[in-house]
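Me: I am new to this structure and would like to learn how to read it. Could you take me through it step by step?

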Amino acid sequence: MTQVFHDAPVDRAFRPEWHTSRLVVYAVLLIWAVICLFPIYWTLTTSFKIAPNVMKGDMIPWVDYQPKWLGWRALGLSPDTIFTESTVRAEFFKRFTNSVIVSVVSSCLAVILGSLAAYGLSRFSFKFLWMRNSDISFFFLSQLILPPVVLALPFLVLYKELALLDTRVGLILLYTLSVLPIVIWIMRDQFSSIPTELEEAALVDGLSIWGAFATIILPIALPGMAAAFILSLVLTWNEYFFAALLTSTYSNTLPVMVASQTGSQGISWWSMAALSFAAILPLIIIGIFLERFIIKGMAAGAVK
Amino acid sequence: MSGGDLLHVVTNDDISKGRRAFGRALIWGSGALMLLVGLAQWAQLEGISSFGFPNWRPTLYAYCLWATCLCWGQVLINGEQGKRTLFVLPAALFVISLTVFPLLFGMVIAFSNWNLSNPDGRQFNGLDNVRQMLADPFYWNAMGNMVWYCAAILVEYAIAFALALALNAEIRARKFFRVAFLLPLMLSPVAVSWMIGKSMLVIQPAGPIIRLMRTLGWENPSFYSSPWMAKLTIMMMDAWTYIPFMMIMILAGLQSIPKELNEAAKVDGANPWRAFWEVTFPLMLPVSITAILIRIIFKLKLADIVIAVTSGGPGGATDTVTSFIFREYRDRSNVGYGTLLAMVYLVIIIIAMTALMKLAERYARPRT
C-alpha cells in the first residue's frame, strides 16, 4: 500500500533530533541508575566473597567467582549456622530490635503529637503571650534548623543526671524531637487541603471537636500521616550521631554497631558487607514498596 | 494566617465554679509538687538533707505529672476552648521541655570547665572557653569546611535538576527509575560510608572505583591522602545520599507546571534550551529555593559520614563542625568547651539562615 499522506519535510527533519533527545534522556537515567544501584549490588556481592575474591576485585558471582557464605556465617546468618548458637547473631538481633523499637515508637509519637499540633494550628487561632498561629508554626518548624550537636552535650549531662543514658526511652525522646518539625511540615500541608465544611457538618450533627477530628478528618488525612510516619521511620532508623553519643552497651542501635565494626578487628570485608547489607535491607524493602508515600511526604510543602 | 478561627464552633459552655476551682487546684497542686520534689533534690545535692533519691528521676516524673495536669486542667477550666488548646499544647510542651530547657542549661555549661570524668564536677570559668575557641585553629578550619560543603550544594542542585527533568520526560519504566533514584536516600549514612567510602575506595588494588580511575589514567588513585581529594570524596558521598531528596522536591515542582506553558513556548518558536531558561526555570525558582534552603539545613548537620570514614583527617581537611565537636568530646570529654563551640555554631547558623531566607524571599517573589 502506498502512503498517501506524508509528513512535511520540515517535520521529518525533526525526527532525528527527537531521537537523540530520547537517547540522551535514557543515557542520563541509566547512568544515574547504575550510580545509585551499584554500591548496593557491590555490598551484596561482597558479602558472598572470600579474601582472594575481594583482593582481585571480582564483580559477577558465578562468572568471576564462586559465592561462599563466609560473610554471612560470621554474622551467624548463613544456612549452616542459622540454627546454631551465635553470639554475633544475638548481638545483631539485639541491635536490630533496639533500632526497630526506637524508630517505630518515636515515629508514632512524632506523628501523633505532630498531627494534633498541625491540625490545631490549621483550624483554630491561638494566642500565647505575644505568639500567634504563624509564630507558633514558625517556632515548631524552626526546630529543624537546630543542629543536633547543640543539644547533644547538654542532653548528655541531663541524661546522666536522670539516669536516662543508654536507655531506649532517652533515644526515643530525642528522635521524636528531631522528626517532629518534619511531621508538622507535612501534616500542616495535608490538613490545610481538607475543607473545613466537613467538620462543620459533623459538628452540626452533634459530634465534639475531638470526635469530628477522629471520625472525619483522621481517615482523610491517613495517607499524609503514613507518608510522615515512613519518612520519620527512615530518618530515625538511620540516625547515628545521638545514638553514638548517648548509648554504649545496652541500647545501641544498628548504625552504631555498623560503625563500631568498621575500625576494629582488621577489616574483614565480607562480614562487614553482610552486616551493612543486613542493616540496610529493611530500608530497601520500604523504599521499593512504599516509595509512593516517601515521595508524597517529601513533595509536601514543595509546591503550594 | 487569618485572624479568626477557620472553623467556627458555637458552644455554650457552662462550667461550674467547682470545676474551675478543681482545674486550678490541679495545675497549681501538681506544680507545687514538682517544685517540692525539685527542691528536695537540690537540697540533697547540696548536702543539706538526704531523701535517698538515687538521681533526678523523681523530678522528671513530677514534671510529667505536672504536664499532664496542665493539659487536663485546660479542659476543666476553659471547656471547649481548652479542648482546642489540647491539640497544640502537648507538642508545644514537648518541644519546649526538650529544646528550650536544654538550651538554657547549655548556656550555663558553655561557660564552665566541666570534664565529665573529673570528680570535681562543673567549674565556672568565665570567658576562658571563648578565649580558647578564638585561638582554636581546628574549629575555624571546620567552620571554613562547612562553607565549602555548603557550596557543593549548588552542584548537587544542578544534577538533581537534570535528573528531575529526565524523570519528568515521557519515559518508560518510570517507576523503576524513581525507586532506583530514591534508594540512596533510604540507606543509613554509616552503612553508605562503609559501602562506598571503605569498600569501593580503599581496597587496593581491587576496589571498583579505584580500578575505574586507573583505566581512566590516574596512576595511583588514593582518595583520602590529599586534603582536597578527601574533601571532594566526602562531598560526593554526601551528594550521593541527598541528591534524591532535592530531585523529588524539584520533580514535584516540575509536575505542577501546566503543560500548556511549554507548548506555548514551543509554538512561539523557542528551542528547548530557551524554553527551559525562559519558562521552566523561572517558574521553578520558588521550589528550587525551598529545596536548597532545606538542603543547607541538612548539610549543616553533616557528621555521620565524616565520623565513620575519615574522622576529620587528613589534618582536619574533612572536619565538619559537628564531627569536630564530637571528637572534641570523645577525646577529652570536656563538655563545657564543646557546648560553647556548639552554641557559637548555632548563633552563626541562625544569623546565616535568617539572612538567606530574607534574600530568598526577595528573589522568590514572582516577577510580573
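Reply: Here is a short tour of the chains, their helices, their domains and their contact. This is a predicted model, in which local features need pLDDT of at least 70 and side-chain atom pairs count only at pLDDT 80 or more, while totals for chains, interfaces and linings use all residues. Residues are numbered from 1 along each chain as its sequence is written, and chains are lettered from A and ligands numbered from 1 in the order in which they are written.

Me: Let me start with secondary structure. How many helices and strands does chain A have?

Reply: Helices (H or I, at least four residues) and strands (E, at least two) are DSSP runs, numbered from the N terminus. Chain A has 13 helices and 0 strands. Chain B comes to 14 helices and 2 strands.

Me: Next, the overall dimensions. What radius of gyration does chain A have, set against a compact globule of 304 residues?

Reply: The radius of gyration is taken over C-alpha atoms, and the globule rule is 2.2 Å times the number of residues to the power 0.38. For chain A the value is 26 Å, where a compact globule of 304 residues would have one near 19 Å. The C-alpha trace of chain A spans about 85 × 70 × 35 Å along its principal axes. Chain B has 28 Å, whereas a compact globule of 368 residues would be near 21 Å. Taken along the principal axes, the C-alpha atoms of chain B fill a box of roughly 75 × 60 × 35 Å.

Me: Into which domains is each chain divided?

Reply: Domain bounds come from an automatic or database domain assignment. In chain A, domain 1 covers 1-37 and domain 2 covers 87-299, and their centres, taken over C-alpha atoms, are separated by 44 Å. In chain B, domain 1 is 17-110 and domain 2 is 132-364, with C-alpha centres 41 Å apart. Two residues are in contact if their C-beta atoms, placed from the backbone, lie within 7 Å. By that rule, 4 residues of domain 1 of chain B are in contact with 5 residues of domain 2 of chain B.

Me: How do I read a pair of packed helices?

Reply: Two packed helices are described by the angle between their axes and the distance between the axes. Axes are lines fitted to C-alpha atoms, for helices over the stretch in contact, and angles run from 0 to 180 degrees between N-to-C directions. In chain A, helix α4 (residues 87-123) and helix α7 (residues 168-192) pack at about 40 degrees, with axes 6 Å apart. That makes α4(A) oblique to α7(A); angles under 35 degrees count as roughly parallel, over 145 as roughly antiparallel, 65 to 115 as roughly perpendicular and the rest as oblique.

Me: Which helices of chain B cross at roughly 45 degrees?

Reply: Those are helix α5 (residues 137-168) and helix α9 (residues 227-255) of chain B, whose axes come within 6 Å. α5(B) and α9(B) are therefore oblique to each other.

Me: Finally, how many residues does each chain bring to the contact between chain A and chain B?

Reply: Chain B brings 84 residues and chain A brings 85. Helix α3 (residues 80-110) of chain B supplies the largest share of the side of chain B that touches chain A, with 14 residues.
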